[in-house]
Amino acid sequence: MSVRNQPARFESDTDEALELNFDIQGHPVRRPWWKVWSKRNNRVPWVSIFVVLFVLVLPALLADVITTHDPLRGVLADRLTPPFWMEGGTTTYPLGTDKQGRDILTRLIYGARISLTVSTITILIGAVVGSTLGLLAGYFGGWVDRFVSWLIDTFLSLPHVLLALVIVAAIGPSFVTIVAIIAVTIWASFARQVRGETLSVRETEYVARAHVAGTTSWRILLRHVLPNVANTLIVLATLQVGVVILEESSLSFIGAGIPRPNPSWGVMVADGRDQILISWWISFFPGLCILLVVLSLNLLGDWLRDFLDPKMRQRGRS
Amino acid sequence: MINAVRGLLTLFAVSILVFSLARLTGDPIDVLAPVDISREDEAALRERWGLNGSIWEQYVSFVGNASQGDFGPSFKYPTETAASVIAERLPASISLGIVATVLTLVIGVPLGILSAVKRGSWLDRIAKGLALFGQSVPEFWLAIMLIWFVAVRWNVVPTSGISGWQSYILPSIVISVFGIAALLRLFRSAMLETLGSEYVKLARLKGLSEFKVVWKHALKPASIAPLTFFGGIAVRMLTGATVVEIVFAWPGVGYLAYEAANARDFPVVQALALFTAAVIIIMNLLIDITYAYVDPRVRLGQKAIA
């Protein structure tokens with residue numbers, strides 16, 4: 001490789017987007033396709049959006065319309081039918097049935113509804129409670145900050161799987177219980193993030209000027225600080241959907257979450273656990289759904305973070 | 001010092017929470033004792049389980065005893081105390097935890113550093129893929145899939161329980177997957193930042209070998225940020241361990257928590273929750289201390305820029 005073909009590079013910069021496309025003499029730099037592709041980090045992650053839409057959101061919204069089977073009651077005669085491409089499988093049950101003869105695909109679709117509902121509610125609660133406390137702590141400081149920070153630390157060091165087990169042993173598994181448990185565990189991450197952001201926003205010139213101009217604290221918080229932490233909130237909320245789905249399915253898997261016979265993805269994996277040798281499809285597909293959705297949400301969150309960061313956005317366009 | 005006091009306060013809060021949760025069901029006697037229990041037997045049982053007096057008296061005596069390591073007798077195993085039940089199960093969890101932590105550090109840290117140094121290479125690509133997978137895969141499902149393939153189909157390792165060192169392979173892999181992913185990401189971004197900094201440039205200009213630049217000058221400041229997150233990672237690994245222990249029927253404290261909660265063995269559950277919280281708090285304290293060691297700004301009493 002000749003020296004001319006080496007792209008110029010700024011040592012101090014960590015982003016490859018700043019690699020120049022022309023060398024010193026003005027000749028275009030040729031790069032192999034894999035390098036070109038890898039540089040398009042900031043492209044819209046269509047695949048992720050597609051997966052989240054078609055595995056999580058649409059099934060959740062349209063579950064009653066697109067399914068023909070009952071998610072809770074199966075046909076015992078058809079139990080343990082394999083997926084359609086295997087021997088003995090039929091297209092009536094595209095992904096097979098479980099040991100009670102329930103259609104896996106139907107249950108997956110209704111499971112998406114459970115995942116989406118749980119994550120929406122818990123994130124709304126967590127974001128509202130967490131960001132309120134975070135804003136107050138970061139802005140007012142003093143004992144408010146000390147108390148809220150202590151609360152955050154406490155809730156982050158709670159052994160929440162254990163707590164879920166205790167609560168469920170005490171009052172039994174239900175939808176409300178699981179939502180409460182997860183909301184209690186996720187508000188702290190919102191609070192911590194928002195508090196940190198608020199601390200830095202508070203030191204900015206425009207907040208100081210608003211203060212001098214006689215703006216009330218509440219108005220500063222709502223009109224000047226909140227909009228500036230909104231990006232962080234959006235990114236965090238996206239990433240937390242994945243966290244909540246993982247958490248809900250884990251708890252449901254160990255019997256401390258969504259009670260049977262509801263088709264939570266975690267419950268479905270647990271249902272097929274004993275049959276993994278012969279009827280692997282019962283556990284495999286729900287787990288795959290979790291993996292795909294959470295993976296896509298993580299990619300989406302990372303992309304959003306870069307996209308909403310003004311510095312990164314300019315770089316992406318150059 | 002202040003952190004230690006805060007930790008104690010946290011532990012106190014956890015004890016109230018756990019105690020009141022365990023009493024949510026109402027009187028344990030109603031739940032656990034036989035219906036036709038005689039009045040004398042009931043009184044004796046109350047005495048033994050520390051259920052005498054008002055709920056406040058019960059709590060005070062619970063905290064008093066707990067601070068001396070006495071959590072009362074186990075409801076499920078009447079001949080043992082909660083503390084002894086836990087002590088029996090502890091070695092299995094600790095050994096698994098050590099293996100998983102070592103695996104996490106040995107794989108996560110070097111991979112994160114290398115993928116930052118060789119940014120954009122195939123190694124970086126693989127590392128990024130691994131990080132994404134590790135953060136997204138549900139542990140229980142990965143465990144079942146591994147049992148299905150590695151343990152049953154290829155028959156390489158045992159499916160559950162402890163029988164020799166091979167038993168550690170699958171559970172420790174599953175537990176460490178999340179930690180590896182998280183550490184890898186953190187180290188990668190931290191290293192990228194320090195590798196672009198002025199003092200690394202200076203180190204290079206001085207003519208130091210690339211090895212020294214990366215592993216000495218860049219690594220130390222780069223390991224501060226991941227350290228602060230290690231507490232969170234460790235918590236996630238501990239809770240993940242509960243689920244993994246259940247899948248592998250691993251005779252550790254995580255599985256014990258599951259059994260105890262299902263059997264409503266409240267002394268054991270209370271003790272476990274307090275114990276786990278204490279472990280997490282102590283770990284966070286240790287991290288603070290390490291933090292001070294690594295970052296001279298903290299050690300010298302200046303406030304670190306968080």
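Where is L80(A) found in chain A? The answer is the loop between α2 (46-66) and α3 (104-140). Welcome to this predicted model; here is a friendly tour of chain A, of a place where chain A meets chain B, and of a few backbone features to look at.

**Chain A overall**

- Chain A has 11 helices and zero strands.
- Read along the sequence, the pattern is therefore helix after helix, written α-α-α-α-α-α-α-α-α-α-α.
- Chain A holds 318 residues, and 49% of them count as buried.
- If you take the chain A contacts between residues at least 6 apart in sequence, 68% of these join residues at least 24 apart.

**S249(A) in helix α8**

- S249(A) sits in helix α8 of chain A, which covers residues 217-253.
- Its relative accessibility is 1%, so S249(A) counts as buried, the cut-off being under 20%.
- The S249(A) side chain reaches two backbone oxygens: that of I245(A) at 2.9 Å, and that of L246(A) at 3.0 Å.
- Setting aside neighbours within four places in sequence, S249(A) is in contact with G266(A) and I290(A), and also with F140(B) from the other chain.

**F140(B), the partner from chain B**

- F140(B) lies in helix α7 of chain B.
- With a relative accessible area of 0%, F140(B) is buried.
- Not counting residues up to four places away in sequence, F140(B) touches S249(A), S250(A), F253(A), G266(A), V269(A) and I290(A) in chain A, together with V243(B) and V247(B) in chain B.
- F140(B) and A241(B) are 101 residues apart along the chain, and their C-alpha atoms are separated by 9.8 Å.

**Helix α10 of chain A against helix α7 of chain B**

- Two packed helices are described by the angle between their axes and by the distance between the axes.
- For α10(A) (residues 281-308) and α7(B) (residues 139-153), the angle is about 140° and the axes are 10 Å apart.
- That angle makes α10(A) oblique to α7(B), because only values over 145 degrees count as roughly antiparallel.
- The crossing of α10(A) past α7(B) is left-handed.
- On the chain A side, the residues that meet α7(B) are S283(A), F284(A), G287(A), L288(A), I290(A) and L291(A). On the chain B side, F140(B), W141(B) and M145(B) take part.
- Sorted by class, this contact between α10(A) and α7(B) has seven nonpolar and two polar residues, with no charged ones.
- I290(A) is worth a look here: this residue of α10(A) is among those touched by F140(B), and it is also in contact with S249(A).

**Backbone features to check**

- Most residues other than glycine have a negative phi, and most peptide bonds are trans.
- R260(A) and P261(A) are joined by a cis peptide bond, with omega about 0°.
- P261(A) is found in the chain A loop between α8 and α9 (265-271).
- L80(A), the residue from the opening question, has a positive phi of about 55° although it is not a glycine.
- At a relative accessible area of 30%, L80(A) is partly exposed.
- A249(B) also has a positive phi, near 50°, and is a residue other than glycine.
- A249(B) is found in the chain B loop between α11 (224-247) and α12 (253-262).
- Its relative accessible area of 30% makes A249(B) partly exposed.

How values were computed:
Residues numbered from 1 in each chain as written. Chains lettered and ligands numbered in written order. Predicted model: local features only at pLDDT ≥ 70, side-chain atom pairs only at ≥ 80, totals over all residues. Heavy atoms only, no water. Helix = DSSP H or I, 4+ residues; strand = E, 2+ residues; numbered from the N terminus. Buried < 20%, exposed > 50% of the residue type's maximum accessible area, 1.4 Å probe, protein only. Polar contact = N/O pair within 3.5 Å; in protein donor to acceptor, adjacent residues only side chain to side chain. Contact = heavy atoms within 4.5 Å. Axes fitted to C-alpha atoms, helices over the stretch in contact; angles between N-to-C directions. Parallel < 35°, antiparallel > 145°, perpendicular 65-115°, else oblique. Left-handed = near helix turned anticlockwise from the far one by under 90°. Nonpolar A, V, L, I, M, F, W, Y, C, P; charged D, E, K, R; others polar.
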